[in-house]
Amino acid sequence: MLPIDITRTTSPKPRVSEEALGFGQVFTDHMFLMDYDDGDGWHSPRIVPYQPLAMDPASAVLHYAQAVFDGLKAYRGQDGSLRLFRPGDHAARLNRSCAGLCIPPLDEAMIEASFHALVDTDRDWVPSRPGTSLYLRPAVIATERFLGVRPAKAYTYFLIASPVGSYYAEGIDPVSILVAERHVRAVEGGLGAFKAGANYAASLYAAEEAKQEGFSQVLWLDGVQHRYLDEVGTMNIMLRIGDEVITPPLSGTILAGITRDTAITLLKDWGIAVSERPIAIDDVVAANRNGTLTEMWGTGTAAVVSPVGELGYKSEHLTIANGQIGPLTRRLFDAITGLQYGTAPDPHGWVKPVRAGFRS
Ligand code: COI
């Protein structure tokens, strides 16, 4: 693996109080950069003071959105030690996203090293208040100065870090969700399974409409029949109907969420039946009417687990779990955060102590 060059800032930023942390508003003192050029491959991994990226206005990413990202978190345990949650899985997913957008793959060991090196360099920025963490945002963008439509020949990988509190203003409180009947996020054969910025651009219009109607987010349906559940906002969706937990399969339109996989694994460990299968919105409505739909929640890195308390569909308002957080949703939230903060045993080996020694 290439050595990482570290240039430390000479003007550290003032700190923001941990109580005031929202999501993605405050950034640490440093960032990680690495470049790709045709011929040289990926080169020059380095940590530098946090700064704007200088980019030519003809850079491909600014025109054709050849860009991918990922998101993971570093946690401070009660003993002060720092941990990353499933960093190898995030590195592998970033590379799958790269493949989907014709971006040359990175060395996954180097992606993981970048997570450790930046957290180690900015270790004093990892907050300690319960529910807080350091959100890491790795991204790859096409930087070639060229307006033809084809995969670029130059890229930048960057990693930035942001101390965060809750993603939703509601925290772990239930959110209200509007079923998107007209707009779709992704279709099979498209970019839905990749963490491409373009998917999030495609989600904005419907999300704004939902907000105007008083909802926090939308529930996406499939792009062909507008019938089967896809994702909820930026998260994977799970429902509890009777004794079964149901979540849509990884059919190509939804992201292979790492929190989704964590939740499925834990539920199976607990002896709960989990089905990854298509679920129609009409069946959700019917299960709500006959009382067998007891819980619904989203899973994602940013919010971990977010209960759905209300669903708006065809001008009806369905209440789920009496608008409260259900017992299984709560159990999952507690179990996943217990692993992340190091208070629960980790039989699956998901939690990695932050490697020190990158300081210069
Ligand atoms: C997540 O749930 O972690 C997300 O994907 C949200 C992120 C785009 C802010």
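The legends below describe close-up views of a predicted model.

**View 1. Helix α4 and its bend at Leu204.** Helix α4 runs over residues 197-212, and its 16 residues reach 23 Å from the first C-alpha to the last, which is close to the 22 Å expected at 1.5 Å a residue. Along this course the helix bends by about 35° at Leu204. After α4 comes Gly214, a residue whose phi is positive, near 90°.

**View 2. The buried residues of helix α4 and what covers them.** Which residues of α4 are buried? They are Asn199, Tyr200, Ser203, Ala206, Ala207 and Ala210. In an α-helix there are 3.6 residues a turn, so residues three or four places apart point the same way. The cover over the buried residues of α4 includes three strands, namely β4 (67-69), β9 (175-179) and β10 (217-221).

**View 3. Glu144 in the loop between β7 and β8.** The loop that holds Glu144 connects strand β7 (133-142) with strand β8 (154-164). Is Glu144 buried or exposed in this loop? Glu144 counts as buried because its relative accessible area is 16%, and the cut-off for a buried residue is under 20%. The side chain of Glu144 makes a polar contact with the side chain of Arg150, at 2.9 Å, while a polar atom of the Glu144 side chain also lies 2.7 Å from the backbone nitrogen of Lys153. Leaving aside residues up to four places away in sequence, Glu144 touches Ala58, Ser59 and Ala60, and it also touches Arg150, Pro151, Ala152, Lys153 and Ala154.

**View 4. Ser44, a residue of strand β3 with positive phi.** Ser44 belongs to strand β3, which spans residues 41-49. The phi of Ser44 is near 60°, a positive value in a residue other than glycine. With a relative accessibility of 35%, Ser44 counts as partly exposed, because that class takes in the values between the buried limit of 20% and the exposed limit of 50%.

**View 5. Arg86 in the loop between β6 and α2.** Arg86 is found between the end of strand β6 (82-85) and the start of helix α2 (87-100), in the loop that separates these two elements. The phi of Arg86 is near 50°, which is again a positive value in a residue other than glycine. How does Arg86 count, as buried or as exposed? At 9% relative accessibility, Arg86 counts as buried.

Key: Residues are numbered from 1 along each chain as its sequence is written. This is a predicted model: local features need pLDDT of at least 70, side-chain atom pairs count only at pLDDT 80 or more; totals for chains, interfaces and linings use all residues. Side-chain values use heavy atoms; hydrogens and water are left out. Helices (H or I, at least four residues) and strands (E, at least two) are DSSP runs, numbered from the N terminus. The expected span of a helix is 1.5 Å times one less than its number of residues. The bend at a residue is the angle between axes fitted to the seven residues ending there and the seven starting there. Buried means under 20% relative accessible area, exposed over 50%, partly exposed in between (1.4 Å probe, protein chains only). Contact means heavy atoms within 4.5 Å. A polar contact is a pair of N or O atoms within 3.5 Å; within protein, one must be able to donate a hydrogen and the other to accept it, and residues adjacent in sequence count only if both atoms are side-chain atoms.
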